[in-house]
Amino acid sequence: MGRIICAGLGPGDPDLMSVRADRLVRSAQHVAFFRKKGRPGQARKMVETLLAPGVTEHAMEYPVTTELPFDSPAYIHCLARFYDDWAARLAGLACQQDIVVLCEGDPFFYGSFMHLYTRLQGRAEVEVVPGIPGMVGCWSATGQPMTWGDDVMTVLMGTLPEDTLVERMQTADAIAVMKTGRNLPRVRRALARAGRLDQAWLVQHGTMPQQQIGRLADTPDEVCPYFAIVLVHGQGRRPEVAE
């Protein structure tokens, strides 16, 4: 009886993987990873130099990504069937050997593996190896502390309605906005309405070779890949030496 082990790979730079994840990837005989059809897959690219010769690869290709609205019944039904199918296939493979599933960031922090994890309960032995979340790699890349003292940090999805984004941004001290990409214009408008645009940074491909960091106000909307995060650093209480 084998196991299904999901290895969190961290924000992008292979050097930021945990020792345990690195060891699992290097010794794996079977690896599975998500990818968009026709693409190599970000998780797979991260371990390019680590996989052993002869490893068996299982590419889990999303049936849709942005072709349908993410909250539409058609999208939900299509993705549900996809996860059902792969949960069954991985459970079958794990009857004979260990399967290492690759996951960017941390598997339990908005990771696609969560959809498999819930479906695999009672069907296979499942382990999850945590990883550094992508936003942590991004805010470290800016060279600025993200939160101070009793700052409240809010993590938002760029897919949220603009009014909801504004409401949450107005009450947060530090902000991380994920799932930007084509949602960047909405995020920019929300930050402007909340009076936070001048404080915002856009980090693209954080910790990766093509990393770019800049003020959001100076970045055009069309320049925003999927792997991009908008950050507003907190300005909370901190000990200062009295002069």
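These are my notebook entries on what I looked up in this structure.

**Entry 1: the whole thing**

I should say up front that I'm working with a predicted model. I started by counting the secondary structure, and the protein has seven helices and 10 strands. Next I checked how compact it is. Its radius of gyration is 19 Å, close to the 18 Å that the globule rule gives for 243 residues, so the protein is as compact as a globular protein of that length. I also looked up the span of the C-alpha trace along the principal axes, and I got about 65 × 45 × 30 Å.

How much of the protein is buried? I found that buried residues make up 47% of the 243 residues. Then I turned to the contacts between residues at least 6 apart in sequence, and 70% of these join residues at least 24 apart.

**Entry 2: a sheet**

I went looking for strands that pair up. I found an open sheet made of five strands, and its pairing is parallel. In which order do the strands sit? I read it off as S3-S2-S4-S1-S5. The edges are strand S3 (56-62) and strand S5 (125-129), and each of them pairs on one side only. I noted the twist too: ignoring direction, neighbouring strands in this sheet are turned by 25 degrees against each other on average.

I zoomed in on one pair of strands. Strand S2 covers residues 30-36, and S2 pairs with S3 in the parallel sense over seven bridges. For a spot to find on screen, I picked Ala 32, which stands opposite His 58 in S3.

**Entry 3: helices on the sheet**

I then checked what lies across these strands. Helix H1 (residues 19-27) lies across strand S1 (3-8), strand S4 (99-103) and S5. I noted that H1 runs at about 130 degrees to S5. Helix H3 (residues 73-93) lies across S1, S2, S3 and S4. For H3 I wrote down an angle of about 165 degrees to S3.

**Entry 4: rings**

How many aromatic pairs are there? I got eight. I looked at Phe 34 and Tyr 62 among them: their ring centres are 5.4 Å apart and their planes are at 10 degrees, so I logged the pair as stacked. Phe 34 lies in strand S2 and Tyr 62 in strand S3, so this pair ties together parts that are 28 residues apart in sequence. Are Phe 34 and Tyr 62 buried or exposed? I found both of them buried.

Phe 34 also pairs with Phe 82. Here the ring centres are 6.3 Å apart and the planes are at 55 degrees, so this pair is tilted. Phe 82 lies in helix H3 while Phe 34 lies in strand S2, so the pair ties together parts that are 48 residues apart in sequence. I checked burial again, and both Phe 34 and Phe 82 are buried. Putting the rings together, I get one aromatic cluster from Phe 34, Tyr 62, Phe 82 and Tyr 83.

I also looked up a charge over a ring. The charged end of Arg 89 sits over the ring of Trp 86, 3.8 Å from the ring's centre.

**Entry 5: one threonine**

Last, I picked Thr 154, which is in strand S6 (residues 153-157). Why does Thr 154 count as buried? Its relative accessibility is 17%, and the cut-off for buried is under 20%. Which residues does Thr 154 contact, leaving aside its neighbours within four places in sequence? I listed Arg 168, Ala 172, Ala 174, Ile 175 and Ala 176.

Key. Residues numbered from 1 in each chain as written. Predicted model: local features only at pLDDT ≥ 70, side-chain atom pairs only at ≥ 80, totals over all residues. Heavy atoms only, no water. Pairing = 2+ DSSP bridges. Helix = DSSP H or I, 4+ residues; strand = E, 2+ residues; numbered from the N terminus. Axes fitted to C-alpha atoms, helices over the stretch in contact; angles between N-to-C directions. Contact = heavy atoms within 4.5 Å. Phe/Tyr/Trp six-rings, centres within 6.5 Å; stacked < 30°, edge-to-face > 60°. Buried < 20%, exposed > 50% of the residue type's maximum accessible area, 1.4 Å probe, protein only. Lys NZ or Arg CZ within 6 Å of the ring centre and 35° of its normal. Rg over C-alpha atoms; globule rule 2.2 N^0.38 Å.
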